[in-house]
Amino acid sequence: MKKIIITLAAAFALIAGVTAFKNIYSCELPIKNRGIKNALQTGGLEVLFLGSSAFRSDIDMGMMDEAYDGKGYDIAYGGNQLVAAAVQYDEISRRAETAPKLMVFELGPMMLTQDVALSDSRVIWDLSFEGKKELWERMYEAEDMDFSDAHQYFMTSGMDDLITFPVTEPFYATRYYKGAKTEIGASPGEEYLENEEFDISGETLEEAQAKAIRDIVSECKRDGQEFIFVETPRYHRLSEDPTFVRYREEFVKILDECGAPYILASDMNIDTHDPVLFEDMNHMSEAGRKAYTAELVKALGSKDQ
């Protein structure tokens with residue numbers, strides 16, 4: 001019986017120790033080509049992108065390296081969460097010795113409809129305990145969180161990354177220039193894109209996500225941080241959908257009210273009816289990302305950055 005008690009106590013101590021390590025020190029582990037720590041280690045960033053898979057797929061970081069002499073960086077795993085982007089910005093502003101010259105946030109219309117949730121555990125991995133606590137508080141305030149959610153958030157989320165780190169980290173690092181994919185995507189063709197099913201008609205506004213936009217703008221202005229919101233192209237069937245248009249207008253309305261700069265996909269010389277440029281409704285193909293990135297480099301340059 002005594003041996004069982006000692007074994008159980010040792011197991012609980014080990015679990016508690018690993019959990020504490022993850023919550024406090026995960027943000028200090030050396031991660032290459034992804035994450036806040038690596039971005040800040042780059043130093044003297046000209047442009048830092050903060051968004052979701054749309055930024056990962058649609059921005060060619062090899063071309064950005066050429067345009068900004070290796071002083072560009074993409075942190076794009078927020079999982080369509082403007083709330084997470086606001087917390088990530090707070091984390092960056094606390095930890096950066098030198099602020100990025102320009103912060104680029106994603107103008108994703110349907111991000112306004114997302115429930116506030118932990119949609120990618122890498123967000124937790126990347127935050128200090130202060131950042132983890134801030135994100136949890138925002139999630140708790142916006143949604144009906146309970147003990148099981150807290151258990152997942154502070155204990156289980158990101159634990160797989162910690163355990164498999166020595167094996168998976170080199171693999172993840174190689175995917176940075178491929179949009180976080182094993183292979184850079186090709187277009188599936190016009191027939192597929194014209195017949196792919198989607199329905200966003202029932203989506204509703206999540207006030208916490210709208211508030212996060214205002215928080216980002218006010219905090220950037222408070223810090224004297226140059227910033228801009230950027231929309232990436234979507235295939236015409238999505239970008240012209242009435243619900244998508246309505247939430248784009250809502251997003252732009254908030255930015256206009258806050259006096260925030262932005263670039264819309266329609267400002268770019270990109271043909272959203274060309275299936276060669278798209279991998280699916282939301283993401284661009286290899287050809288598309290190169291065409292879009294060339295346009296984006298010109299657009300950001302025209303903003304006197």
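These legends accompany close-up views of a predicted model.

**View 1. The whole chain, 14 helices and five strands.** The secondary structure of the protein comes to 14 helices and five strands. The radius of gyration is 20 Å, close to the 19 Å that the globule rule gives for 305 residues, so the protein is as compact as a globular protein of that length. Its C-alpha trace spans about 70 × 45 × 40 Å along the principal axes. Buried residues account for 50% of the 305. Of the contacts between residues at least 6 apart in sequence, 82% link residues at least 24 apart.

**View 2. Surface and charge.** The protein exposes an accessible surface of about 14,300 Å². Carbon and sulfur atoms hold 54% of that area. Side chains include 31 positive and 55 negative ones. The centres of these two sets lie 7 Å apart.

**View 3. The largest nonpolar core, 77 residues.** Seven names stand out here: Phe49, Ile75, Val104, Phe105, Phe229, Leu296 and Leu300 touch the most other members. Helix 5 (residues 82–95) supplies the largest share of this core, eight residues. A second, separate core has six residues, among them Ile31, Trp125, Met159 and Leu162. In soluble globular proteins, nonpolar side chains tend to be buried together.

**View 4. Ile75 and its contacts.** Ile75 is one of the core residues that touch the most other members. Beyond residues up to four places away in sequence, Ile75 touches Gly35, Ile36 and Ala39. It also touches Leu48, Phe49, Leu50 and Gly51. Gln88 and Ile92 complete the list.

**View 5. Leu107, a buried loop residue.** Leu107 sits in the loop between strand 3 (102–106) and helix 6 (122–126). Its relative accessible area is 0%, so Leu107 counts as buried, a term for values under 20%. Setting aside neighbours within four places in sequence, Leu107 is in contact with Phe229, Val230, Glu231, Phe251, Leu255, Tyr262, Ile263 and Leu264. Phe229 also appears among the core residues that touch the most other members. Arg248 is 141 residues from Leu107 along the chain, yet their C-alpha atoms are separated by 8.2 Å.

**View 6. Gln225, a loop residue between helix 11 and strand 4.** The flanking elements are helix 11 (207–223) and strand 4 (227–230). Gln225 has a relative accessible area of 8% and is therefore buried, below the 20% limit. Its contacts, apart from neighbours within four places in sequence, are Tyr89, Ala99, Pro100, Lys101, Leu102, Met103 and Cys220.

Terms used
Residues numbered from 1 in each chain as written. Predicted model: local features only at pLDDT ≥ 70, side-chain atom pairs only at ≥ 80, totals over all residues. Heavy atoms only, no water. Core = buried A, V, L, I, M, F, W, Y, C linked by side-chain atoms within 4.5 Å. Buried < 20%, exposed > 50% of the residue type's maximum accessible area, 1.4 Å probe, protein only. Helix = DSSP H or I, 4+ residues; strand = E, 2+ residues; numbered from the N terminus. Contact = heavy atoms within 4.5 Å. Rg over C-alpha atoms; globule rule 2.2 N^0.38 Å. Areas by Shrake-Rupley, 256 points an atom, 1.4 Å probe, with all protein chains shown as cover. Lys, Arg positive; Asp, Glu negative; His and termini not counted. Charge placed at Lys NZ, Arg CZ, Asp CG, Glu CD.
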